[in-house]
Amino acid sequence: MFECAPTMRDDPTVPADARFETRAIHIGQDYRSETGAVIPPIYMTSTFETGNPGSFDYTRSGNPNFRNLQTTLASLENAKHATIFASGVSAITAIAFGLKAGDTIISEQNIYGCTYRLFERVLRKFGVSIQYVDLANPDNYGLIAEQKPALLWLESPTNPLLKILDIRALADVAHSVGTAVVVDNTFASSLLQKPLDLGADLSLLSTTKYTNGHSDALGGAVCSNTDEWQEKMIFAQKALGLQPSPFDTWLTSRGAKTEALRMERHNANALTLATRLEAHPRVKSVRYPFLPSHPQYDLAKKQMTGGSGMMLADFGHTQEGALAFIRRLHLFTQAESLGGIESLVCHPATMTHASVPKDVREAAGITDGLIRFSVGIEHVEDLWIDIERALAVG
Ligand SMILES: *Cc1c(COP(=O)(O)O)cnc(C)c1O
């Protein structure tokens with residue numbers, strides 16, 4: 001009689017040359033071998049017995065779910081390390097609170113609104129000074145060499161204007177004067193842009209967006225290639241109390257497994273809609289990084305492998321007209337945030353940038369007619385019909 005006692009795989013090690021799609025599914029799947037659970041469970045525990053093999057002590061400073069997601073994200077960003085936080089803003093806090101009174105940040109001027117608020121309303125109180133510069137213009141690079149800031153804060157593509165910054169060129173300038181470079185990689189996603197490969201010291205993600213991709217959990221991450229930065233991030237996670245919940249972390253781990261598939265559809269849908277809108281007679285302007293009309297199209301093509309799902313359009317509406325257009329849409333929900341499987345639409349002038357005075361907003365290019373789309377992964381023809389129908393009225 002042939003007997004075969006079942007055993008688990010001889011070696012579950014993921015091949016070192018496995019690609020993004022494979023690593024997203026197989027890297028960071030630990031703490032399950034005892035049961036054979038195909039998916040690691042959620043470790044809903046605040047504390048751990050002293051002397052355990054994983055050296056866990058208290059969830060604020062580490063949890064199996066954190067370690068799994070950190071391993072996954074480090075792999076997806078081609079980084080040595082990743083540390084996760086409760087939100088993207090927590091990740092920003094972790095970096096910002098490594099600074100001290102007297103330090104300077106030079107920041108791209110068109111950054112995420114909550115980053116700006118944290119810099120202006122919180123960091124300034126602690127004696128950190130921040131200068132905002134248009135870093136899409138190389139004429140302004142000189143300021144970095146002149147000021148030698150502690151940090152250079154980049155975001156690319158930017159929110160909401162989708163400006164593209166030359167990460168490699170800016171990192172070279174910054175490193176020549178010992179400045180550390182942070183790139184907020186949220187709009188691009190880990191699949192489409194690798195800031196550390198382009199020379200950045202830190203890549204920051206709001207995992208709330210494309211990493212998780214399902215609009216059901218908040219989270220943030222900071223990725224780096226040095227042990228010094230990793231120590232600072234782990235310290236911030238526990239000392240500032242910036243840790244996520246094991247449940248949200250588990251959801252984000254689940255979301256990350258499909259990041260490549262989702263991003264491919266986000267890219268394809270957004271490029272199709274942007275291309276068709278640009279040819280539409282009612283449209284004043286469309287901005288999308290992978291449209292040849294984008295002012296930094298060549299740079300976008302060089303440092304990103306896809307245009308992502310964010311698109312801007314101006315249909316020549318007044319503020320009321322733009323809001324009425326938004327209400328006529330059936331499939332795009334008016335909401336802040338982005339990067340989920342469902343399509344969203346936002347009116348920056350009255351939503352994300354409502355607190356910015358009108359003249360400042362308009363000078364920055366955020367006009368009343370501007371509409372921001374987070375293009376989801378629905379069927380592109382359904383999305384197109386929806387936009388076309390809403391445009392045909394009024
Ligand atoms: C959403 C977002 C953040 C903040 O992330 P939260 O998870 O909402 O705290 C930071 N940067 C960018 C570019 C974002 O889109």
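These questions and answers cover helix packing, the nonpolar cores and one sheet in a predicted model.

Residues are numbered from 1 along each chain as its sequence is written. Local features need pLDDT of at least 70, side-chain atom pairs count only at pLDDT 80 or more, and totals for chains, interfaces and linings use all residues, while side-chain values use heavy atoms, without hydrogens and water.

Q: Why do the buried residues of α4 lie on the same side of it?
A: Helices are DSSP runs of H or I, at least four residues, and strands are runs of E, at least two, numbered from the N terminus. Thr115, Leu118 and Phe119 are buried in α4, meaning under 20% relative accessible area with a 1.4 Å probe, protein chains only. They share a side because the directions from the helix axis to their C-beta atoms cover an arc of only 95°.

Q: Which helix supplies the largest share of the largest nonpolar core?
A: A nonpolar core joins buried Ala, Val, Leu, Ile, Met, Phe, Trp, Tyr and Cys residues through side-chain atoms within 4.5 Å. This one has 32 residues, and Phe315 and Phe373 are among those touching the most other members. Elements giving at least two residues each include α9, β9 and α13. Six residues, the largest share, come from α13.

Q: Which strands stand at the edges of the five-strand sheet?
A: Strands pair if DSSP finds at least two bridges between them. The open sheet runs β8-β9-β12-β11-β10, with mixed pairing. Two strands have a single partner each, so one side of each lacks a neighbour in the sheet: β8 and β10.

Technical notes. Buried means under 20% relative accessible area, exposed over 50%, partly exposed in between (1.4 Å probe, protein chains only).
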